[in-house]
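Q: Could you take a close look at one part for me? I'd like to get to know chain B and how it meets its partner.

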Amino acid sequence: MNAEELARIQFAITIGFHFFFPSISIGIGAIVLALETFRLRNLHGKAETYDRAAAFWTRFFALTFVVGVASGLVMEFQFGTNWAQFSTFVGDIFGAPLAAEGILAFFLESTFLGVLLFGRGRISSRVRWFAALMVCVGTLLSAVWILIANSWMQTPAGYEIIDGRARLTDFFAAAFNASFVPRYLHTVAAALTAGAFVALGASAWYVLKRKHLSVARAVLPVALITAFVGSAGMFATGDMSSKQVAATQPAKFAGIMAIYSTASGVPMTIWSLPPTQDSSNLPQGPELQVARLLSFMTFGDWNAPIQGLDAFPTQDWPPITMSFLAYHNMVLLGTLMLLVMAFGAYYLWQRSVFRRPFWLRAAVLATPLPIIAIQLGWATAEIGRQPWIVYGVMRTSTGISRIVPPEQIAISLVLLVGLYVLLGGLWIYLARKELGHGPAPAPDGVDDAALDELPRPEPALRPGTTAA
Amino acid sequence: MADNGFLQAAWFFLVGVLLVGYAILDGFDLGVGMQHMTTARTDEERRILMNSIGPVWDGNEVWLITAGGALFAAFPKVYATVFSGFYLALMLVLAALILRAISLEFRSKERGRGWRTTWDLAFFVGSVLPAVLFGVAIGNIMRGVPLDGQGDYAGTFIGLLSPFALAVGLLSAAMFLMQGAAWLLLKTEGALQARARRTALVGQVATLVLWVVVTTWSRAEAPALWDRFGLIPAWLAPVIAVLALVAFPVLVRRGRAASAFAASSAAIAAMIATLGIGLWPNLLPARDQGASLTVPLTASSDLALTAMLIIALLGLPFVLAYTFWVYRIFRGPVRLDEHSY
């Protein structure tokens with residue numbers, strides 16, 4: 001393998017592994033903030049329960065956050081190590097959001113996480129809530145800056161090229177480039193969903209096992225509402241995102257949707273065999289399409305024309321099979337997630353959610369779905385951007401470090417993969433242990449009281465509703 | 001538009017400030033890790049060491065991340081050349097810092113002896129390696145490195161390991177050991193504190209000796225660094241460094257822990273300032289071949305530097321304010337409880 005391929009594999013593995021953790025911690029951070037708020041407000045007189053719930057999920061947050069920090073260090077420096085020509089070319093624009101992320105977000109989240117984790121007994125109840133707020137704000141702000149940087153690579157704006165280097169000409173145009181807002185909203189919705197699914201899955205499991213019931217019953221509604229709103233939000237923001245891609249990155253759009261020739265009234269493919277790069281030997285088989293829907297979804301007109309790959313030179317095509325598969329599987333997973341959460345939201349509204357073992361089991365099984373969907377979403381965005389490192393401006397092949405020999409990249413790749421396997425394995429082991437152990441036990445047997453309430457069938461207020 | 005020399009100098013200074021912040025703050029974290037196996041002997045003592053930095057190490061590490069980001073943003077070519085040129089060394093630093101981070105979080109999650117000893121060693125290695133390698137990198141920047149026609153590193157990995165660079169590596173390790181021990185004077189009591197005191201004194205002697213050696217040696221290895229010191233005010237920084245280093249053992253012996261920590265921090269800041277003065281206007285001097293990467297040659301556009309300066313001036317006062325506040329919350333010796341590592 002040559003240096004470019006090795007560097008790309010290393011980048012893909014590093015970002016893929018890294019993003020697993022912040023996406024969970026953004027969502028868990030929001031849930032911790034909600035729990036801290038309920039604790040402070042003494043909601044339903046259950047301050048003590050919310051206190052234990054918040055402490056438990058804060059510990060889980062910290063475990064996840066630290067692996068995110070550890071793997072994120074590699075992200076910060078690998079632009080320089082592996083992509084030196086890219087770094088030189090874009091530093092004027094791309095570096096600023098990275099520096100701002102440190103000053104305006106990383107300091108905030110890591111400093112206040114220390115307060116949240118170690119401050120008990122040293123700070124007041126209000127200060128603890130404030131620390132939770134700052135951690136949550138910090139995670140959301142860090143996503144702003146990194147997505148400004150990443151979106152600029154998708155839809156560069158506010159710059160000119162002088163002496164082979166991009167120079168900033170308009171800060172706000174560069175920051176609020178065409179893809180930033182839809183991609184930020186989509187990513188945050190996805191991250192909230194990912195964290196919420198973890199909290200929901202664990203709480204549902206506790207309810208099924210009749211363990212830690214007071215905390216599980218306090219957390220489950222918060223997590224479920226977040227997961228439902230997040231899942232629905234992913235479709236709304238995903239729609240914004242795909243409209244943006246169609247408008248500003250038409251070759252990427254054609255690749256993701258596997259549209260080979262420009263046409264009007266283009267159908268939407270729900271499922272098909274994986275398409276190939278070369279349209280002359282496409283696999284023949286069953287497929288599920290909705291006529292004209294893609295044209296309508298993208299341009300609001302059932303007959304709108306969509307540019308196919310034939311409108312672009314072949315060397316500008318993205319890898320079609322991979323971006324198609326990543327995108328379509330992401331949408332399928334998103335649909336499944338929304339379906340499960342829609343049922344859950346309905347049961348919650350009906351006040352029967354704790355007596356739905358089938359749904360609770362589904363919620364447990366659904367725990368990793370958003371995390372997988374997020375990986376597929378990033379793959380869609382980044383593979384779809386190829387062959388460009390800065391869309392339409394700089395090719396990926398010209399962005400690498402020219403002086404780093406492939407052997408050194410291979411050595412570091414082995415080192416990093418080894419570390420990631422260790423980190424990932426330990427995280428899974430410790431997360432399972434932590435979740436299995438559960439929150440601190442309730443004083444005075446409150447959990448038993450919660451158990452008493454649980455299996456009691458609802459009075460027959462609604463005809464046709466039966467306890468599961 | 002003519003490039004604004006003031007803006008560029010401001011960013012040279014600010015990157016320096018971020019590095020000083022890192023060296024003072026994460027410096028004591030690394031120093032604590034370096035003496036994890038010696039100053040602390042029992043399981044409880046090791047937990048005290050880890051918890052002495054528990055609430056703050058993560059925020060301290062952000063100074064490095066931010067310095068990296070600032071270097072990328074303000075002097076992209078230098079960021080690109082240094083990190084691609086020092087490739088394997090940097091990957092080792094990253095691997096070590098990853099180990100350090102997770103050993104802090106993971107160590108006390110299991111009770112087994114093997115588990116804890118493994119993470120103790122990981123914490124130690126994850127602290128020593130960056131402490132030495134940061135110095136090696138600085139040593140290479142002092143000597144200069146061979147650069148090719150496009151300003152990229154033209155040497156080899158072994159070429160980075162010159163005796164002079166290794167000596168600077170030892171110096172940075174000694175400096176952080178002293179700083180870590182000074183921190184532990186504030187955070188420990190009794191026998192543990194007595195051992196930290198001895199470590200602090202050893203660290204101080206090693207720092208002073210190595211600094212004199214490196215400084216003297218630099219007349220031969222990096223003579224250009226001395227050019228700036230024709231001006232008398234430039235001597236302020238090394239003089240402060242010497243005074244702080246000499247005051248340190250006196251303060252330690254008198255039990256003035258807070259002042260000792262301040263003296264150690266001042267010494268570190270002054271030593272880095274001395275280097276910064278000598279380096280200006282170079283960021284990465286060329287050695288044997290190529291043209292040095294200087295501030296005016298590699299600086300980003302005025303607009304980018306202005307935008308970042310606004311962000312930094314708005315953001316850093318808040319960072320300093322809440323960092324100071326958090327250190328106040330956690331002041332005093334460590335007490336272990338059920339929320340500790």
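A: Let's start with what is packed inside: buried residues make up 58% of the 341 residues in chain B, where buried takes 20 or more other C-beta atoms within 10 Å of a residue's own, exposed is 12 or fewer, partly exposed is in between, and C-beta atoms are placed from the backbone. Keep in mind that this is a predicted model, in which local features need pLDDT of at least 70, side-chain atom pairs count only at pLDDT 80 or more, and totals for chains, interfaces and linings use all residues. Residues are numbered from 1 along each chain as its sequence is written, while chains are lettered from A and ligands numbered from 1 in the order in which they are written.

How confident is the predictor here? Chain B averages a pLDDT of 93, with 99% of the residues scoring at least 70; pLDDT is the predictor's confidence in each residue, from 0 to 100. For the model, the scores are ipTM 0.92 and pTM 0.91.

Now the build. Chain B has 12 helices and 2 strands, which are DSSP runs numbered from the N terminus (helices: H or I, at least four residues; strands: E, at least two). Read from the N terminus, the order is α-α-α-α-α-α-α-α-α-α-β-β-α-α. The radius of gyration of chain B is 20 Å, close to the 20 Å that the globule rule gives for 341 residues, so chain B is as compact as a globular protein of that length. That radius is taken over C-alpha atoms, and the rule is 2.2 Å times the number of residues to the power 0.38. Along its principal axes, the C-alpha trace of chain B spans about 60 × 40 × 35 Å.

Contacts come next. Two residues are in contact if their C-beta atoms, placed from the backbone, lie within 7 Å. Of the contacts in chain B between residues at least 6 apart in sequence, 80% join residues at least 24 apart.

Finally, the meeting with chain A: 54 residues from chain B and 57 residues from chain A take part in the contact. On the chain B side, α3 (57–74), α4 (76–85), α5 (87–106) and α12 (302–329) each supply at least two residues. The largest share of that side, 13 residues, comes from α12(B). By class, the side of chain B that touches chain A has 36 nonpolar, 13 polar and 5 charged residues. Here Ala, Val, Leu, Ile, Met, Phe, Trp, Tyr, Cys and Pro count as nonpolar, Asp, Glu, Lys and Arg as charged, and the others, Gly among them, as polar.
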